[in-house]
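I opened this structure for the first time and kept notes as I went. The entries follow the order in which I looked things up.

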Amino acid sequence: MTAVLVLVSFVLVAAAYVPGTWIKAKLGHPMTLGTKTWAFAHLLSAGSLADMLLFGSFLGWAVAVYVTARRRDRAVGVPQPAGALSRDMLAVAVGAVAWIAFAAGLHQRLIGVRPFG
């Protein structure tokens, strides 16, 4: 379950940087949603107090930022341009490649933990 949620978070973060995605048009702030998903996924699999403090803090921050940003967008009237499916496919591909690279070795090198045993 954690791996699937982290894959979703990678796709959301990629969608924040690929212009013209439907994901960004509908969700508004995909990077913040990606952070929420990533933190929640890690809370599911990591149980120490330090893990709960780290990932819980990220989750709390991301929830607060997302709620505030969406409220601000509605108040200011930020337009939601239509997204294109081809741009979403690019975001999914970029997110999946980044997730594979991270799971295959970068997580071990950078964090010191092997995500798949």
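**Entry 1: Gly117.** I began with Gly117, which is in the segment after helix 5. The model is a predicted one. I looked up the accessibility of Gly117 and found a relative accessible area of 73%, so I put this residue down as exposed. I then took the distance from Gly117 to Gly83. The two are 34 residues apart along the chain, and their C-alpha atoms are separated by 38 Å.

**Entry 2: the whole chain.** Next I stepped back to the protein chain. I counted five helices and zero strands. Read along the sequence, the pattern is α-α-α-α-α. I noted the extent of the C-alpha trace along its principal axes, about 45 × 30 × 20 Å. The protein chain has 117 residues, and 30% of them count as buried. I also checked how contacts are spread over the sequence. Taking contacts between residues at least 6 apart, I found that 63% join residues at least 24 apart.

**Entry 3: helix 1 and helix 5.** At what angle do the axes of helix 1 and helix 5 cross? I read roughly 130 degrees, with the axes coming within 8 Å. Helix 1 covers residues 2–17 and helix 5 covers residues 85–111. The angle makes helix 1 oblique to helix 5. I recorded the crossing of helix 1 and helix 5 as right-handed.

I then listed the residues that meet. From helix 1 I wrote down Ala3, Val6, Leu7, Phe10, Val11, Ala14 and Ala15. Helix 5 brings Ala91, Val92, Val94, Gly95, Ala96, Ala98, Trp99 and Phe102 to this contact. Sorted by class, the contact of helix 1 with helix 5 has 14 nonpolar residues, one polar and no charged.

**Entry 4: His107.** I stayed with helix 5, since His107 lies in it. Is His107 buried or exposed? Its relative accessible area is 14%, so I entered it as buried. I set aside its neighbours within four places in sequence and looked for what remains in contact with His107. I found His42, Phe102, Gly112, Val113 and Pro115.

**Entry 5: helix 3 by itself.** His42 led me to helix 3, where it is one of the buried residues. The others I listed as buried in helix 3 are Pro30, Thr32, Leu33, Gly34, Thr35, Thr37, Ala39 and Ala41. I looked up what covers the buried residues of helix 3, and the cover includes helix 1, helix 2 (22–27), helix 4 and helix 5.

I also checked the length of helix 3. With 16 residues at 1.5 Å a residue, helix 3 should span 22 Å, and its end C-alpha atoms are 23 Å apart, which agrees.

**Entry 6: Leu44.** Leu44 also lies in helix 3. I found a relative accessible area of 47% for Leu44, so I noted it as partly exposed. Leaving out residues up to four places away in sequence, Leu44 touches Met1, Thr2 and Leu5. I took the distance to one of these: Leu44 and Thr2 are 42 residues apart in sequence, yet 6.8 Å apart in space, C-alpha to C-alpha.

**Entry 7: helix 3 and helix 4.** How do helix 3 and helix 4 lie to each other? Their axes come within 8 Å and cross at roughly 155 degrees. Helix 3 and helix 4 are therefore roughly antiparallel. I noted the crossing of helix 3 and helix 4 as left-handed.

On the helix 3 side, the contact is made by Thr32, Leu33, Thr35, Lys36, Trp38, Ala39, His42 and Leu43. On the helix 4 side I listed Asp51, Met52, Phe55, Gly56, Phe58, Leu59, Trp61, Ala62, Val63, Val65 and Tyr66. By class, I recorded 13 nonpolar, four polar and two charged residues in the contact of helix 3 with helix 4.

**Entry 8: helix 4 and its end.** Last, I checked helix 4 by itself. It has 28 residues and reaches 40 Å from its first C-alpha to its last, close to the 40 Å expected at 1.5 Å a residue. I listed Phe55, Ala62, Tyr66, Ala69, Arg70 and Asp73 as the buried residues of helix 4. These buried residues pack against helix 2 and helix 3. After helix 4 comes Gly77, and I noted its phi as positive, near 80 degrees.

Definitions and conventions. Residues are numbered from 1 along each chain as its sequence is written. This is a predicted model: local features need pLDDT of at least 70, side-chain atom pairs count only at pLDDT 80 or more; totals for chains, interfaces and linings use all residues. Side-chain values use heavy atoms; hydrogens and water are left out. Axes are lines fitted to C-alpha atoms, for helices over the stretch in contact, and angles run from 0 to 180 degrees between N-to-C directions. Helices (H or I, at least four residues) and strands (E, at least two) are DSSP runs, numbered from the N terminus. Angles under 35 degrees count as roughly parallel, over 145 as roughly antiparallel, 65 to 115 as roughly perpendicular and the rest as oblique. A crossing is left-handed if the near helix is turned anticlockwise from the far one by less than a right angle, and right-handed if clockwise. Contact means heavy atoms within 4.5 Å. Ala, Val, Leu, Ile, Met, Phe, Trp, Tyr, Cys and Pro count as nonpolar, Asp, Glu, Lys and Arg as charged, and the others, Gly among them, as polar. Buried means under 20% relative accessible area, exposed over 50%, partly exposed in between (1.4 Å probe, protein chains only). The expected span of a helix is 1.5 Å times one less than its number of residues.
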